[in-house]
Structure formats: structure tokens, C-alpha cells
Amino acid sequence: MGIRPEESVVPDKKSAPAAKIAQRVIKKYPNRRLYDTDTSTYITLAEVRQLVMEHQNVVVRDAKTGEDLTRSILLQIILEEEAGGAPMFTEAVLANIIRFYGHAMQGFMGAYLEKNVQAFTEVQAKLAEQSQSVTPEMWAQFMNLQSPMLKGMMGNYVEQSQSMLTQMQEQMQKQTEQMLGAFGLKR
């Protein structure tokens, strides 16, 4: 079960809704303990993970400074999941992600990954919605036939991915031309 775009962990800064989305505020104390202000209890990292899985809008703040620590806690949860039994990312993928830090494409890579994860989550949600009444036998037959519907949804996903990559390339080309123009060089 993934996080649906409309139920993100952190509100989208670009599209601030008129009514503020209720946030589940977790305070992190210097002793590394996490305090859920909704239930007035200390919780574990595993319980924060469960809130995320339940599509709760979670924000983690430093109890002393109020600094937003949400990204740090989410990365910690991912680290524990990756160290757990069945990692999602191969070493090659992790190494490639690391290589993008400090690279001119860092901002594009983040947006590319975000849009692809969002598109994949939408495909997953559609499949889950359509498969609620499907028996295990029907599901096996469906997967064996490689349904045109599945191909269509995956095709849309691939098209979105290609479109995003094309947009990134065009933006890079424009930025390169602008930079060369600023130095008096033309391509």
C-alpha cells in the first residue's frame, strides 16, 4: 500500500489548500524519544511508520527548537526498512542516487523520481481498486494473459516517465544555452 498523492505525508507546498490539512504532530526530544501530541504518549519509530502507512499527515518537530525533522525521520524509517529483510533498492540504485547529489541534475532527479513514484502509486491504486472482487484464480489468469488493461496502465506510466525525461532534457538544454549566452558563447 503506497502513499497516495492526495494523502501525502507532508503537504504539497505548491498547492496550499484553502483549509489547512490536519497534521499529526510528533515531537522529538533530545533523548531521541518521539512524543505524539494527538495521543499524549511516547511512540516508537515503528509506530510513526504505521501512521505513514495509514496515510496520516505526519510532521515531526524538534521539541526544543520547533525545527521540522520529518524528512530525517522518514529517511530513518526507510533505512530501517532497507536493512530489514527485503530491500527495495539495489546497491547500484543507491550508488546512482548518491552520484546525483551535487550534480547539476540533482533537482531534476528529485522531481523525476517523485513524479514516477506518484504515477506508479496511481497505477497501483487503480489495480487494487479493480482487483477487490477478483479471486486468486482469476488474478493468476489475469497475470498470465498480461491483460491489455495492465499494458495500457503501464504504457501510460512509461509515457509519463518519458515525458518527464524529455521535459528535463529541454530544461537542461535551455539552461545550458542561457549559461553559454551569458559567457558570450553560442552553440
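A residue is called buried here when its relative accessible area falls under 20%. By that yardstick, 19% of the 187 residues in this chain are buried. The model is a predicted one, and its confidence varies along the chain. Mean pLDDT for the chain is 78, with 72% of the residues scoring at least 70. Strand 4 comes out with the highest mean of the elements, at 97, while helix 5 (residues 136–145) has the lowest, at 64. Over residues 1–19 the pLDDT stays under 50, and the model gives this stretch 28 contacts beyond four places in sequence.

As for the overall layout, the chain holds 6 helices and 4 strands. Read from the N terminus, the elements go β-β-β-α-β-α-α-α-α-α. Of the contacts with a separation of 6 or more, 57% are between residues 24 or more positions apart. The chain exposes about 13900 Å², and carbon and sulfur atoms supply 56% of that area.

The strands make up an open sheet of 4, in the order 3-2-1-4, and the pairing is mixed. Strand 3 (41–43) and strand 4 (58–62) sit at the edges with a single partner strand each, so each has one side without a neighbour in the sheet. From one strand to the next, the twist averages 35°.

Now for the pairings of strand 1. Strand 1 and strand 2 pair in the antiparallel sense, with 3 bridges, and Ile-26 stands opposite Asp-36 in strand 2. These two strands form a hairpin with 5 residues between them, and Arg-32 in the turn has a positive phi of about 70°. Strand 1 (residues 24–28) also pairs with strand 4, but here the two run parallel and are joined by 5 bridges. In strand 4, the residue opposite Arg-24 is Val-58.

Two of the helices pack on these strands. Helix 1 (residues 45–53) lies across strand 1, strand 2 (34–36), strand 3 and strand 4, and runs at about 90° to strand 3. Helix 2 (residues 70–83) lies across strand 1, strand 2 and strand 4, with an angle of about 115° to strand 4.

What does the largest nonpolar core consist of? It has 11 residues: Ile-26, Leu-34, Ile-43, Leu-45, Val-48, Leu-51, Val-58, Val-60, Leu-69, Ile-73 and Ile-77. Helix 1, strand 4 and helix 2 are the elements giving two or more residues to this core. Helix 1 provides the largest share, with 3 residues.

Val-60, one of the core residues, shows how this part of the model fits together. Leaving aside residues up to four places away in sequence, Val-60 touches Ile-26, Lys-28, Leu-34, Glu-67, Asp-68, Leu-69, Thr-70 and Ile-73. Several of these contacts are themselves members of the core, among them Ile-26, Leu-34, Leu-69 and Ile-73. Ile-26, for its part, is the residue that faces Asp-36 across the antiparallel pairing.

How values were computed: Residues numbered from 1 in each chain as written. Predicted model: local features only at pLDDT ≥ 70, side-chain atom pairs only at ≥ 80, totals over all residues. Heavy atoms only, no water. Pairing = 2+ DSSP bridges. Axes fitted to C-alpha atoms, helices over the stretch in contact; angles between N-to-C directions. Contact = heavy atoms within 4.5 Å. pLDDT = per-residue confidence, 0-100. Core = buried A, V, L, I, M, F, W, Y, C linked by side-chain atoms within 4.5 Å. Buried < 20%, exposed > 50% of the residue type's maximum accessible area, 1.4 Å probe, protein only. Areas by Shrake-Rupley, 256 points an atom, 1.4 Å probe, with all protein chains shown as cover.
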